[in-house]
Amino acid sequence: MVAKALSSIKEALPAGVELVAVSKFHPVDRLMEAYNAGQRIFAESRPQELAAKVPQMPSDVRWHFIGHLQTNKLKLVLPYVELVQSVDSLHLLEAINAWGMANNKVTDVLLELHLGAEETKQGFTAEEILTVVSRAGTAQLKNIRIRGLMGMATNTDDMEVVERDFERIERLFLELQAVNPQITELSIGMSGDWPVAVRHHATMVRIGTDIFGPREY
Ligand SMILES: *Cc1c(COP(=O)(O)O)cnc(C)c1O
């Protein structure tokens, strides 16, 4: 099941687009099915769940964090991940930097752009991201590497709305990339909208349901 889903998604993804398997709420034996089919990048959205799964999975798994991260949970996440995709405030960015200084680690991050209509959605505005990227460029945040942007489109079946959301983040991504060569990653697209995302410069798609089925707990 999992292996079949993975191979059909991989066939459809253009070369150079990374598949991030979103494994939140799925037990480790399902993750191992994906691992045994060759998948190496997994993403979790809750610190405790990530920290519990890491020691149960092979050591060459590349973990990403994609959920809201509170600054008092950094030690459950930062030692294990190669990328925090969901940095949604300057406060969090500074806390990750401070943790990195204390623990001698440089953390790769994506800045989450607030996309879509939902009031509750986390994230920076485009203006804030432009400011943060130019500040980080001045080397004030030495233990952070800002690698790009992450966004979630409006939760709707109206693909024109999704298209507009992805166009907005794509435009900002291209603008940032033109001035900062460290910005190389655009993480957009989930189950349901990833084919749209790959038409808008996605370099990573984050797919859960289309790989693992409905979440189990
Ligand atoms: C859960 C989640 C996904 C994956 O969602 P699916 O619809 O299951 O593919 C992608 N990105 C983020 C930030 C998520 O929280």
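This report describes strands, helices, ring pairs and selected residues of a predicted model.

Residues are numbered from 1 along each chain as its sequence is written, and side-chain values use heavy atoms, with hydrogens and water left out. Since the model is predicted, local features need pLDDT of at least 70 and side-chain atom pairs count only at pLDDT 80 or more, while totals for chains, interfaces and linings use all residues.

**Parallel strands**

Helices (H or I, at least four residues) and strands (E, at least two) are DSSP runs, numbered from the N terminus. Two strands pair if DSSP finds at least two bridges between them. The table gives three such pairings.

| Strands | Sense | Bridges | Opposite residues |
|---|---|---|---|
| E1 (residues 18-22) and E2 | parallel | 2 bridges | Val22 and Ala43 |
| E2 and E3 (residues 62-65) | parallel | 4 bridges | Ile41 and Arg62 |
| E3 and E4 (residues 81-87) | parallel | 3 bridges | Trp63 and Val81 |

Strand E2 (residues 41-44) takes part in pairings with E1 and with E3. Between E1 and E2 the chain passes through helix H2 (residues 28-36), and this β-α-β crossover is right-handed. A crossover is given that hand if, with the strands pointing away from the viewer, the path from the first strand over the helix to the second runs clockwise. A right-handed β-α-β unit is also made by E2, helix H3 (residues 47-53) and E3. Besides the Ile41 position in the table, Glu44 of E2 has Phe65 in E3 as its bridge partner.

In a regular strand the side chains alternate between the two faces of the sheet. In E2, Ile41 and Ala43 point one way, whereas Phe42 and Glu44 point the other way. All four are buried, where buried means under 20% relative accessible area, exposed over 50%, and partly exposed in between (1.4 Å probe, protein chains only).

Ser45 is placed in the loop between E2 and H3. This residue is buried because its relative accessible area is 16%. With neighbours within four places in sequence left aside, Ser45 is in contact (heavy atoms within 4.5 Å) with Lys24, Phe65, Ile66, Gly67 and His68. One of these, Phe65, is the bridge partner of Glu44.

**Aromatic rings**

A pair of aromatic rings is described by the distance of the centres and the angle of the planes. Rings of Phe, Tyr and Trp (its six-membered ring) pair if their centres lie within 6.5 Å; planes under 30 degrees apart count as stacked, over 60 as edge-to-face and the rest as tilted. How many aromatic pairs does a search of the whole structure find? The search finds 1. The pair is Phe42 with Trp63, and it is tilted, at 6.0 Å centre to centre and 45 degrees between the planes. The two residues are 21 apart and link distant parts of the chain, with Phe42 in strand E2 and Trp63 in strand E3. Both are buried.

A charge sits over a ring if NZ of Lys or CZ of Arg is within 6 Å of the ring centre and within 35 degrees of the ring normal. Arg40 lies over the face of Tyr35 in this way, at 3.6 Å from the ring centre.

**Helix H5 and helix H6**

The expected span of a helix is 1.5 Å times one less than its number of residues. The 14 residues of helix H5 (residues 90-103) should therefore span 20 Å, and the end C-alpha atoms are 20 Å apart, which agrees. Buried residues in H5 include Leu92, Leu93, Ala95 and Trp99.

Leu90 belongs to H5 and is partly exposed, since its relative accessible area is 31%. Beyond neighbours within four places in sequence, Leu90 is in contact with Phe124, Val132 and Arg135. From Leu90 to Phe25, 65 residues apart in sequence, the C-alpha distance is 28 Å. From Leu90 to Glu128, 38 residues apart along the chain, the C-alpha distance is 8.9 Å. Glu128 lies in helix H6 (residues 126-137) and counts as partly exposed, at 39% relative accessibility.

**Positive phi**

Asn104 follows H5 and lies in the loop between H5 and strand E5 (107-112). Asn104 is not a glycine, although its phi is positive, about 55 degrees. At 73% relative accessibility, Asn104 counts as exposed. His201, also a residue other than glycine, has a positive phi near 70 degrees. Its loop runs between helix H8 (194-198) and strand E8 (204-207), and His201 counts as partly exposed, at 42% relative accessibility.
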